[in-house]
Amino acid sequence: MIDTSVLPVRPTNLAELQQLIGQEIGPTDWHDVTQERVDAFAEVTGDKQWIHVDPERAAASPLGGTIAHGLYSLALGPAFSYTLLALDGFAHGLNYGYDKVRFPAPLPVGSRIRMRLTLLAADPVPGGIQLRAQHVVEREGGEKPIVVAESLARVVEQHSAEKAG
């Protein structure tokens, strides 16, 4: 059995990935959600809706202040994942997409968030292995998660010559 108490967990083949199915890995360390980070995300994406970038106007809203973009939280998924599950024992890996993305609760600026990952499937596909993982991002003190998503990734096992080299 693979030890999930030491992070990141480092599987190196399909059998080890399959041992991880159903096991929760994490949580990550806390991530501070600052107005500067939300503003930078808004600048990069062009999503400058006032609820994200105008603290004065947002303070008068029912939410009481600015909130991070849902996609800001989702975009942290890969970085959070790398701290939980290292796939460096494989030749390479690629983000293949997402299924079932939900944002059950808003994320107020000034919060701290972290993520837990549960591997749901590791299936052979032509050319590699497809991974399906559930990402649950929680806010410190929050009652509901702020993101629940299923990510898809593809990894390729190293051949024996690559492992030796």
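**Notebook: salt bridges, strands and a pocket**

I began with one pair of side chains, and I noted that glutamate 43 and lysine 48 meet in a salt bridge, with a distance of 3.2 Å from N to O. I should say at once that this is a predicted model, and I keep that in mind for every entry below.

**Entry 1: how open is this pair?**
I looked up the accessibility of both partners. Glutamate 43 counts as exposed because its relative accessibility is 53%, and the cut-off for that word is over 50%. Lysine 48 has a relative accessible area of 46%, so I wrote it down as partly exposed.

**Entry 2: how many salt bridges are there in the whole structure?**
The search of the whole structure finds 8 salt bridges. I followed two others by hand, starting with glutamate 138 and arginine 116, whose closest N and O atoms are 3.4 Å apart. This pair links distant parts of the chain, since glutamate 138 sits in strand β5 (residues 128-139) and arginine 116 in strand β4 (residues 112-125), with their positions 22 residues apart in the numbering.

Next I took glutamate 150 and arginine 132, which form a salt bridge with the closest N and O atoms 2.8 Å apart. Here too distant parts of the chain are linked, because glutamate 150 belongs to strand β6 (residues 147-157) and arginine 132 to strand β5, 18 residues apart. Which of these two partners is buried, and which is partly exposed? Glutamate 150 is buried, with a relative accessible area of 15%, whereas arginine 132 is partly exposed at 24% relative accessibility. I also noted that salt bridges with shared partners join Glu24, Arg114, Arg116 and Glu138 into one network.

**Entry 3: which strands pair with β4?**
I then traced the neighbours of strand β4. Strand β1 (residues 24-25) pairs with β4 in the antiparallel sense over 2 bridges, and within this pairing isoleucine 25 has leucine 117 in β4 as its bridge partner. Strand β2 (residues 31-32) is also antiparallel to β4, again over 2 bridges, and there aspartate 32 is matched with arginine 112 in β4.

The pairing of β4 with β5 is antiparallel as well and runs over 12 bridges. Arginine 114 has glutamate 138 in β5 as its bridge partner, and I was careful to note that both of these residues also belong to the salt-bridge network. The strands β4 and β5 form a hairpin with 2 residues between them, and glycine 127 in the turn has a positive phi of about 90°. I added one reminder for reading such strands: in a regular strand the side chains alternate between the two faces of the sheet.

**Entry 4: what lines the largest pocket?**
The largest pocket has a volume of about 380 Å³. Its lining is made by 20 residues, and those nearest its centre are Pro78, Ser81, Tyr82, Leu87 and Ala153. The elements that each give two or more residues to this lining are α6 (77-84), β3 (90-102), β4, β5 and β6. By residue type I counted 14 nonpolar and 6 polar residues in the lining, and no charged ones.

**Entry 5: what does the record say?**
Finally I checked the UniProt record, an unreviewed entry, which lists residues 18-120 as "domain: MaoC-like". Over residues 18-120 the chain is 36% helix and 25% strand, and the C-alpha atoms at the two ends are 9 Å apart.

Terms used: Residues numbered from 1 in each chain as written. Predicted model: local features only at pLDDT ≥ 70, side-chain atom pairs only at ≥ 80, totals over all residues. Heavy atoms only, no water. Salt bridge = Lys/Arg side-chain N within 4 Å of Asp/Glu carboxyl O. Buried < 20%, exposed > 50% of the residue type's maximum accessible area, 1.4 Å probe, protein only. Helix = DSSP H or I, 4+ residues; strand = E, 2+ residues; numbered from the N terminus. UniProt positions renumbered as here; feature names shortened; annotations may be inferred. 1 Å grid on protein atoms, 1.4 Å probe; cavity = no way out; pocket = protein on both sides within 12 Å on 5 of 7 lines; lining within 4 Å. Points joined across faces, edges and corners; volume = space filled by probe spheres on them. Nonpolar A, V, L, I, M, F, W, Y, C, P; charged D, E, K, R; others polar. Pairing = 2+ DSSP bridges.
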